[in-house]
Amino acid sequence: MNIFNVPETATERSNMSDWDWEILMGLIKDELVVPVIGPEILEAEHGEGPLISYYDQWGLEAAKEAGIETAKMGNMPLLYQVAGQILTNSKSRVRNVNQLAVLVDYVIQRKPWLTPKALEQIVGIKSFPLIVTTSIDHFLAGLMEKGDKPFTRILFAPGGSSAHIDLPSDFNFRQNRALMQLFGATSRCPGTCAVTEDDLIEFSWSLLNREYGPQNFYDYLQGKTVLLLGCNFPDWLGRFFVHALHANRKNVDLWYVSKNDDMGLRSFLERKGGKILSPYSPIAFVAELYDRWLKTLPEVENVSVAAPSSDFEQDAFEPMKPGAVFISYIREDMDFAVKIRNQMETAGIDTWMDSSALQSGDRWEAVIEERIRKASFFVPLISCSLNPENWGGKRERFFLREWDLARRSDSMRMPEDRYIRPLCLDDTTCEAFFVRPFSKIHWAYAPDGKVDESFIESIREGIRILRRTRS
């Protein structure tokens with residue numbers, strides 16, 4: 001059975017009238033619209049063929065890793081179907097929910113998936129102070145970490161503490177943005193996200209529960225327009241989900257955009273007073289929405305999410321020599337970073353680091369990503385400065401994005417390359433929660449920025465090996 005979707009076309013336009021768009025853009029400008037992202041938004045190119053849903057692609061990858069065969073049935077995203085099959089198939093290499101959680105997290109978070117452009121456009125609309133998603137990935141969190149405002153990430157889970165699964169009652173949307181993941185997000189711990197149909201039922205019931213549901217979140221929706229984008233779950237789940245958003249709160253407008261035209265769900269939404277744009281591509285809708293939003297901005301702000309120009313790169317950063325070592329550091333450790341760099345350069349090792357210590361901003365990322373990808377080694381400096389308690393927990397710190405980019409680059413290299421070489425400046429241990437991405441990697445130590453000769457020699461030898469294998 002063919003699981004691939006019909007490709008989107010750049011010229012596709014919605015059937016909304018100019019008056020409809022005028023209303024919607026006015027609501028967005030007044031920050032009265034809450035987008036809810038569904039699996040249909042998560043699509044990407046698949047070679048030279050049509051676009052493929054990430055949920056279907058993840059399902060295929062999970063089935064492959066578990067050693068089972070699968071085929072998609074109906075509208076349920078393939079990942080959910082495969083997750084159920086994995087636990088019941090006698091041929092599966094995955095035997096329990098603990099192993100399933102590890103597998104799904106590996107497939108979704110550890111592999112180098114490209115971020116869907118539609119998500120970049122949604123995050124780029126700064127008039128969305130709250131973004132909600134039903135997806136269990138980490139794309140949106142990565143994008144919002146790079147923004148110009150601090151953001152709070154809320155991961156809903158059945159029976160969780162309201163302090164962690166709901167919007168804070170005093171949340172300041174003028175100064176902050178928020179991401180709400182209603183079905184959780186992948187991790188190596190079971191129960192942190194909905195990955196089977198049974199999980200979807202449990203999460204949906206919990207969202208409806210008056211005692212454990214996210215009441216502050218529902219209160220925030222009062223007087224808002226909820227824009228359901230590509231939430232193409234089956235009819236029964238769609239009703240659960242919409243009822244959770246709408247239950248006992250009549251002052252919520254619903255707009256629904258989906259490629260699927262489920263008559264049962266359509267009828268249910270119409271009874272709720274929703275505006276239905278179906279069947280229609282939510283990706284095409286988001287593209288038009290983003291284009292119209294840009295046109296509402298002053299000309300000086302009317303910029304796209306495109307990569308910086310070569311002129312910008314030349315002006316902002318020093319050149320990077322081929323095979324240089326990338327040094328990643330938090331701004332508070334810049335003096336140590338400079339000292340370490342000087343020692344490595346004196347030893348004949350080419351290095352590169354962002355000596356401007358800007359640490360944030362969308363325009364920088366394309367250049368930084370290229371530097372990390374081309375570096376022979378990635379050296380993150382570890383210290384107590386990384387502890388969020390020491391810098392207010394602001395999530396826009398750019399070193400976090402550098403770490404994520406390095407881990408993606410590492411996943412495409414051989415393990416014996418030891419591409420990531422953490423260098424610890426103090427007595428921080430690998431058990432510290434804020435260094436979790438590197439807790440399983442061997443560290444070297446450079447107390448107060450003094451690098452040991454053995455570390456220098458290991459980098460030299462690594463570069464020599466890389467040059468031999470690439471020649």
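**Exercise 1. How many bridges join E1 to strand E7, and how do the two strands run?**

Solution. The model is predicted.
Step 1. Locate the strands: E1 covers residues 33-37, and E7 covers residues 225-229.
Step 2. Count the links: five bridges join E1 to E7, and the two strands run parallel.
Step 3. Pick a residue to check the register: Pro-35 of E1 stands opposite Leu-227 in E7.

**Exercise 2. Find the strand E4 partner of E1, and place both strands in the sheet**.

Solution.
Step 1. Strand E4 (residues 130-133) is joined to E1 by two bridges, again in a parallel run. Thr-133 in E4 is the bridge partner of Ile-37.
Step 2. Write out the strand order: E5-E6-E4-E1-E7-E8-E9, an open sheet of seven strands with parallel pairing.
Step 3. Examine the ends. Strand E5 (151-155) and strand E9 (275-277) each have a single partner strand, so one side of each lacks a neighbour in the sheet.
Step 4. Add the twist: on average, neighbouring strands of this sheet are turned by 15° against each other, direction ignored.

**Exercise 3. Decide whether the residues of E1 are buried or exposed, and sort them by direction**.

Solution.
Step 1. Apply the cut-off: a residue is buried when its relative accessible area is under 20%.
Step 2. By this test, five of the five residues in E1 are buried.
Step 3. Sort the residues: Val-33, Pro-35 and Ile-37 point one way, while Val-34 and Val-36 point the other way. Both groups are buried.

**Exercise 4. Which helix lies across E7, strand E8 and E9, and what does this helix give to the largest nonpolar core?**

Solution.
Step 1. The helix is H12 (residues 282-295), which lies across E7, E8 (253-257) and E9 and runs at about 130° to E7.
Step 2. The largest nonpolar core has 97 residues; those touching the most other members are Trp-58, Leu-130, Ile-136, Phe-217, Leu-228, Phe-285 and Leu-289.
Step 3. H12 gives the most to this core, with seven residues.
Step 4. Take Leu-130 as an example: not counting residues up to four places away in sequence, its contacts include Val-34, Pro-35, Phe-173 and Phe-217.
Step 5. Keep the other core apart: a second, separate core of 24 residues includes Ile-368, Ile-382, Phe-434 and Trp-443.

How values were computed:
Residues numbered from 1 in each chain as written. Predicted model: local features only at pLDDT ≥ 70, side-chain atom pairs only at ≥ 80, totals over all residues. Heavy atoms only, no water. Buried < 20%, exposed > 50% of the residue type's maximum accessible area, 1.4 Å probe, protein only. Helix = DSSP H or I, 4+ residues; strand = E, 2+ residues; numbered from the N terminus. Pairing = 2+ DSSP bridges. Axes fitted to C-alpha atoms, helices over the stretch in contact; angles between N-to-C directions. Contact = heavy atoms within 4.5 Å. Core = buried A, V, L, I, M, F, W, Y, C linked by side-chain atoms within 4.5 Å.
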